[in-house]
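Welcome! Take a moment to turn the structure around on your screen, and then we can walk through it together.

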Amino acid sequence: MNRDEPSGPIVRAAGLVKTHRPEGAAPVHAVRGVDLTVERGEFVAVTGPSGAGKSTLLHLLGGLDRPDSGSLWLDGRQVDGYREARWAELRRNHIGIVFQFFNLVSNLSVADNVELPALLAGRSPRQARTARTELLDELGLTGKENCTPGELSGGEQQRVALARALVNAPSLLLADEPAGSLDSKGTREVLRLLARFHRRGQTILLVTHDARIASAADRVISFFDGQVVDDAHLGSEPGRPASGVSDVLKLKG
Ligand SMILES: Nc1ncnc2c1ncn2[C@@H]1O[C@H](COP(=O)(O)OP(=O)(O)OP(=O)(O)O)[C@@H](O)[C@H]1O
């Protein structure tokens with residue numbers, strides 16, 4: 001049987017299980033048998049209370065953590081048993097990730113933070129510069145190229161992180177509480193930008209404990225105690241604006 005599915009969904013997970021085993025403490029069953037399919041062009045939010053296992057699931061999907069059992073296909077590849085080098089290659093070329101606390105390289109300029117993944121993926125300096133310039137322009141960051149992350153607001157840093165995540169045109173964008181450390185203005189801005197990239201066909205899976213932020217997506221998966229307890233399509237086609245976006249953009253005034 002062919003292990004890969006070149007034209008399959010962006011994400012297919014079957015029976016994913018992850019138990020954290022902290023030293024000297026009881027095991028934590030964070031993800032307890034998750035089946036999940038994400039089609040190309042979908043904007044999916046995984047929501048649920050603190051401790052439900054959302055970040056653990058996102059880490060499994062991005063190869064930042066490995067499942068104890070279950071199978072996973074990403075962009076047509078069956079990734080079970082992938083070693084770190086293959087995961088790193090997959091993240092460089094096919095998966096972009098944004099985190100709550102941005103995770104930018106603090107002593108590199110904005111321009112270098114964004115260009116670095118393009119250079120690591122084998123693009124020429126010229127191609128990396130072109131991609132960086134276009135994205136920073138699109139994200140309203142022209143003029144900030146020579147700043148370091150510490151010189152920017154939280155919202156600006158998250159936009160740099162978004163540019164970095166998108167510079168290699170990934171098939172899948174993963175976002176872990178992308179507005180979790182932003183004020184209301186930064187939250188609106190990052191949701192508006194995610195909605196814009198989704199409209200152009202970007203597949204997005206975001207994780208949030210905030211149901212209002214989740215409603216920016218066109219499909220909301222509710223997670224509780226390591227399991228999917230609800231999976232609601234909010235009514236838009238993949239690649240189309242989600243119905244909840246205009247409401248959520250009014251968030252916090
Ligand atoms: N590396 C780890 N070692 C031990 N336990 C962990 C680890 N990571 C997560 N956990 C535990 O696994 C459970 C699920 O955590 P996870 O961060 O995935 O939940 P979450 O839904 O993302 O929560 P939050 O919204 O608070 O981030 C929690 O009980 C957490 O304490």
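## Starting with strand 1

A good place to begin is strand 1 (residues 11–20), which runs antiparallel to strand 2 (residues 28–38) and is joined to it by eight bridges. Please keep in mind throughout that this is a predicted model. Strand 1 also runs antiparallel to strand 4 (residues 69–74), and here five bridges join the two.

Val17 is a handy residue for following both pairings. Its bridge partner in strand 2 is Arg32, and its bridge partner in strand 4 is Ser69.

## The overall picture

Let us step back for a moment. The protein has eight helices and ten strands. Of its 253 residues, 43% are buried. Among the contacts with a separation of 6 or more, 72% are between residues 24 or more positions apart.

## Strand 7 and its neighbours

Now look for strand 7 (residues 172–176). Is it enclosed or open? Five of its five residues are buried, so strand 7 is largely enclosed by the rest of the structure. Leu172, Leu174 and Asp176 point one way from the strand, while Leu173 and Ala175 point the other way, and all of them are buried.

Strand 7 has parallel partners that you can trace. Strand 6 (residues 95–98) pairs with strand 7 over four bridges in the parallel sense, and Ile95 has Leu172 as its bridge partner in strand 7. Strand 8 (residues 203–208) also runs parallel to strand 7, with five bridges joining them; Ala175 has Leu206 as its bridge partner in strand 8. Along the chain, strand 7, helix 6 (residues 184–199) and strand 8 form a β-α-β unit that is right-handed.

## The nonpolar core

In soluble globular proteins, nonpolar side chains tend to be buried together. Here the largest nonpolar core has 65 residues, and the ones that touch the most other members are Val44, Ala163, Leu174 and Leu205. Helix 5 (residues 154–166) gives the most to this core, with six residues.

Which residues does Leu205 contact, leaving aside its neighbours within four places in sequence? They are Val11, Val38, Val44, Val46, Leu61, Leu172 and Leu174. Two names here are already familiar from strand 7: Leu172 and Leu174.

## Around the ligand

The ligand is surrounded by 13 residues, of which the closest are His20, Ser50, Lys54, Ser55 and Thr56. Strand 2 and helix 1 (54–61) are the elements that give two or more residues to this shell. The largest share, three residues, comes from helix 1.

What kinds of residue make up the shell around the ligand? Four are nonpolar, eight are polar and one is charged.

## Two loop residues to look at

Most residues other than glycine have a negative phi. Phe102 has a positive phi of about 70°, although it is not a glycine. You will find Phe102 in the loop between strand 6 and helix 3 (110–120). Is Phe102 buried or exposed? With 22 other C-beta atoms within 10 Å, Phe102 is buried, since the cut-off for a buried residue is 20 or more.

Glu177 is also not a glycine, and it has a positive phi of about 45°. Its place is the loop between strand 7 and helix 6. Glu177 has 20 other C-beta atoms within 10 Å, so it counts as buried.

Methods: Residues are numbered from 1 along each chain as its sequence is written. This is a predicted model: local features need pLDDT of at least 70, side-chain atom pairs count only at pLDDT 80 or more; totals for chains, interfaces and linings use all residues. A residue is buried if 20 or more other C-beta atoms lie within 10 Å of its own, exposed if 12 or fewer, and partly exposed in between; C-beta atoms are placed from the backbone. Two strands pair if DSSP finds at least two bridges between them. A crossover is right-handed if, with the strands pointing away from the viewer, the path from the first strand over the helix to the second runs clockwise. Two residues are in contact if their C-beta atoms, placed from the backbone, lie within 7 Å. A residue is near a molecule or strand if its C-beta atom, placed from the backbone, lies within 6 Å of it. Ala, Val, Leu, Ile, Met, Phe, Trp, Tyr, Cys and Pro count as nonpolar, Asp, Glu, Lys and Arg as charged, and the others, Gly among them, as polar. A nonpolar core is a set of buried Ala, Val, Leu, Ile, Met, Phe, Trp, Tyr and Cys residues joined through C-beta atoms within 7 Å.
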